[in-house]
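Let's work through a few exercises together. Keep the structure open beside you as you go.

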Amino acid sequence: NCTNNAALTNNGNAAATHIGGIIGRDVLLSITNCTNNGVVKNSGNLTGTNNFYIAGISGSDLLITDEDYTAYNFKQEDCYVTNCHNKAEIINDGTGNSIFVAGIVARTTSATINECTNTAAIKHIGISKSNCYISGICGRSCTSVDQTTNSGAVIVGGEEKAPASGLLFITGIVGTSNGPITNTSNSGNITVIGDATNTTDFDVYVAGITNSVKDKMAECSNS
């Protein structure tokens with residue numbers, strides 16, 4: 001039951017950076033009934049293999065092993081992001097190795113995402129040296145995404161700062177997913193502009209829902 005109304009801006013050049021309107025990086029948490037109303041912006045520039053995770057609710061979660069669940073007396077089904085909403089722009093114009101930008105969670109490895117909405121624009125106009133995941137709900141998911149809606153525009157590119165090399169996934173719901181995607185809808189426009197589509201070292205994948213899913217996808221719509 002948390003709400004953020006303040007703008008967050010990162011100009012630092014630290015190691016891997018996790019930026020979220022509610023929490024930067026969650027570990028063994030359930031996040032429920034949270035809303036972000038403040039613009040979240042990253043303008044930092046990372047070197048080497050350091051990544052950026054930028055989102056309205058949570059930057060990312062920590063990959064949890066079976067040993068971790070036992071040690072903390074926690075169950076996988078206790079890790080979730082539910083009924084959370086992003087209502088402010090999420091912007092990256094910084095440089096990093098892999099970059100994850102999304103309305104709800106930039107990258108999730110353990111937590112499921114349920115009943116969440118994004119209604120604001122998601123913008124990436126920075127430089128990614130490797131794979132890049134830009135999405136209305138979640139950049140990259142290893143779990144399930146259910147009953148989520150994106151109506152915010154997803155905008156990537158710009159002639160001054162084009163992606164460098166790798167794969168660029170641009171979607172309304174989830175960039176790529178290892179888990180099921182069900183009962184989701186996207187009505188946000190997806191736009192790729194400038195040099196993002198003109199570089200020979202970068203493959204661009206654009207989709208209304210997701211670019212790849214290893215589990216099932218059902219009851220999803222793009223309008």
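Buried means under 20% relative accessible area, exposed means over 50%, and partly exposed is in between (1.4 Å probe, protein chains only). This is a predicted model, where local features need pLDDT of at least 70, side-chain atom pairs count only at pLDDT 80 or more, and totals for chains, interfaces and linings use all residues. Residues are numbered from 1 along each chain as its sequence is written, and side-chain values use heavy atoms, leaving out hydrogens and water.

**Exercise 1.** Find the salt bridge that K123 forms, and sort its two residues by accessibility.

*Solution.* Start with the rule: a salt bridge is a side-chain nitrogen of Lys or Arg within 4 Å of a carboxyl oxygen of Asp or Glu. Now look around K123: its partner is E89, and their closest N and O atoms are 3.0 Å apart. Next, place them. Strands are DSSP runs of E with at least two residues, numbered from the N terminus. K123 sits in strand 18 (residues 122–124) and E89 in the loop between strand 11 (85–86) and strand 12, so the pair ties together parts 34 residues apart in sequence. Finally, E89 is partly exposed at 27% relative accessible area, and K123 is partly exposed too, at 25%.

**Exercise 2.** Track down the salt bridge between D93 and K41.

*Solution.* The whole structure holds 2 salt bridges. In this one, the side chains of D93 and K41 meet at 3.9 Å, N to O. The pair links distant parts of the chain, 52 residues apart: D93 is in the loop between strand 12 (90–92) and strand 13 (95–96), while K41 is in strand 7 (residues 40–42). As for accessibility, D93 is buried at 16%, whereas K41 is partly exposed at 28%.

**Exercise 3.** Work out the strand order of the open sheet with 6 strands.

*Solution.* Two strands pair if DSSP finds at least two bridges between them. Following the pairs gives the order 5-10-16-22-27-31, with parallel pairing. The edges are strand 5 (30–32) and strand 31 (217–218), each pairing on one side only. Zoom in on strand 5: it pairs with strand 10 (residues 80–82) over 3 bridges, in the parallel sense. There, T32 stands opposite T82 in strand 10.

**Exercise 4.** Why does C116 not bond to C84?

*Solution.* A disulfide is a pair of cysteine sulfur atoms within 2.5 Å. The closest cysteine sulfur to that of C116 is in C84, 4.9 Å away, which is too far for a bond. The count by this rule is 0 disulfides. To finish, check accessibility: C116 is buried at 0%, and C132 is buried at 0%.

Terms used. Helix = DSSP H or I, 4+ residues; strand = E, 2+ residues; numbered from the N terminus.
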